[in-house]
Amino acid sequence: MKYALLAFLILAILLSTCSPTVLPTYEPNLTEVNLQAKFEVPEEFTADAPADVMKYLVWLPDGFHDDSEKTWPLIFFLHGSGSDESDSAFVMSSGLPEVLYTGDQPDDFPFVVVSPQALAGLPWWGGVTPDILMALLDEVTELYQIDQSRLYLTGLSMGGYGSWLLTAA
């Protein structure tokens, strides 16, 4: 009985020190992460794509709107596997989008960051996805004043593998 009481007290102390995990809610904030920007899949790929729109997040650095002639480096970030729904919260849950959402990037971070959402049921290298990513890259370089000589591609997990394959294509 004495050991049972002691074990119960130790368990109670351990449990009282644990705090529940609270998942963040992802809403637009001052980091200028634009939820659910949309890229219309070019017509030549729609027959083989599971959707006619690829959603993506875009992060614009401080001073982006100050000079319409300035060009910016682009980081194109591909997320890992785990969700094939159009869920920006998933895209912002890890990697560079999470860092930008939480504001943990360096004070001087002069990059435009684009993070597309994978099409349902396809990895980054599946089907026409590489072609769609290249078309998205063409569109964002035009829309967001991107310096074509400073394009950076990276990813996490499935996105890392997709990055390697996309550069080899």
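**Figure 1. Where the predictor is sure of itself and where it isn't.** Confidence in the protein bottoms out in helix H1 (residues 2-17), with a mean of 45, and peaks in strand E3 (residues 72-78), at 97. The score here is pLDDT, the predictor's own confidence in each residue on a scale from 0 to 100. This is a predicted model, so local features need pLDDT of at least 70 and side-chain atom pairs count only at pLDDT 80 or more, while totals for chains, interfaces and linings use all residues. Residues are numbered from 1 along each chain as its sequence is written, and side-chain values use heavy atoms, with hydrogens and water left out. The protein averages a pLDDT of 80, and 76% of the residues score at least 70. Over residues 4-31 pLDDT stays under 50, and the model has 16 contacts beyond four places in sequence for them; a contact means heavy atoms within 4.5 Å. Where pLDDT is low, don't read the predicted coordinates in detail.

**Figure 2. The fold at a glance.** The protein has six helices and five strands, in the sequence pattern α-β-α-β-β-α-α-β-α-β-α. Helices (H or I, at least four residues) and strands (E, at least two) are DSSP runs, numbered from the N terminus. Of the contacts with a separation of 6 or more, 73% are between residues 24 or more positions apart. Buried residues make up 39% of the 169 residues, where buried means under 20% relative accessible area, exposed means over 50% and partly exposed is in between (1.4 Å probe, protein chains only). About 10100 Å² is exposed in total, and carbon and sulfur atoms supply 57% of that. Those areas come from the Shrake-Rupley method with a 1.4 Å probe; for residues, only the protein chains shown count as cover.

**Figure 3. The largest nonpolar core.** This core has 30 residues, and Tyr56, Val112, Ile132 and Tyr144 have the most contacts inside it. Strand E1 (33-40), E2, E3, strand E4 (112-116), helix H5 (129-143) and helix H6 (158-168) each chip in at least two residues. H5 gives the most, with six. A nonpolar core is a set of buried Ala, Val, Leu, Ile, Met, Phe, Trp, Tyr and Cys residues joined through side-chain atoms within 4.5 Å. In soluble globular proteins, nonpolar side chains tend to be buried together. Zoom in on Val112: leaving aside residues up to four places away in sequence, Val112 touches Val58, Trp59, Leu60, Pro61, Phe64, Trp72, Pro73, Leu74, Ile75, Tyr144 and Ile146. Apart from the 30-residue core lies another core, of seven residues, among them Trp59, Leu96, Phe109 and Val113.

**Figure 4. Around Trp59.** Gln105 sits in the loop between helix H4 (95-102) and E4, and counts as buried because its relative accessibility is 15%. Its contacts, not counting residues up to four places away in sequence, are Trp59, Val99 and Leu100. Tyr101 belongs to helix H4 and is buried too, at a relative accessible area of 13%. Tyr101 and Trp59 are 42 residues apart in sequence, yet 8.9 Å apart in space, C-alpha to C-alpha.

**Figure 5. Lys55 on strand E2.** Lys55 lies in strand E2 (residues 53-59). With a relative accessible area of 22%, Lys55 is partly exposed. Lys55 and Leu119 are 64 residues apart in sequence, but their C-alpha atoms are 8.5 Å apart.

**Figure 6. Helix H6, inside and out.** Met158, Gly159, Gly160, Gly162, Ser163 and Leu166 are buried in H6, and the buried residues of this helix pack against E3, H5 and strand E5 (146-155). On the surface, Trp125, Tyr161, Trp164 and Leu165 form a nonpolar patch with about 480 Å² of accessible area together. Patches are made of residues with over 30% relative accessible area and no salt bridge, with like charges joined within 9 Å and nonpolar side chains (Val, Leu, Ile, Met, Phe, Trp, Tyr) within 5 Å. A salt bridge, in turn, is a side-chain nitrogen of Lys or Arg within 4 Å of a carboxyl oxygen of Asp or Glu. Trp125 comes from the loop between E4 and H5 and is partly exposed, at 35%.

**Figure 7. Two positive phi values.** Most residues other than glycine have a negative phi. Gln145, in the loop between H5 and E5, has a positive phi near 55 degrees and is partly exposed, with a relative accessible area of 21%. Ser157, in the loop between E5 and H6, has a positive phi of about 60 degrees and counts as exposed at 57% relative accessibility.
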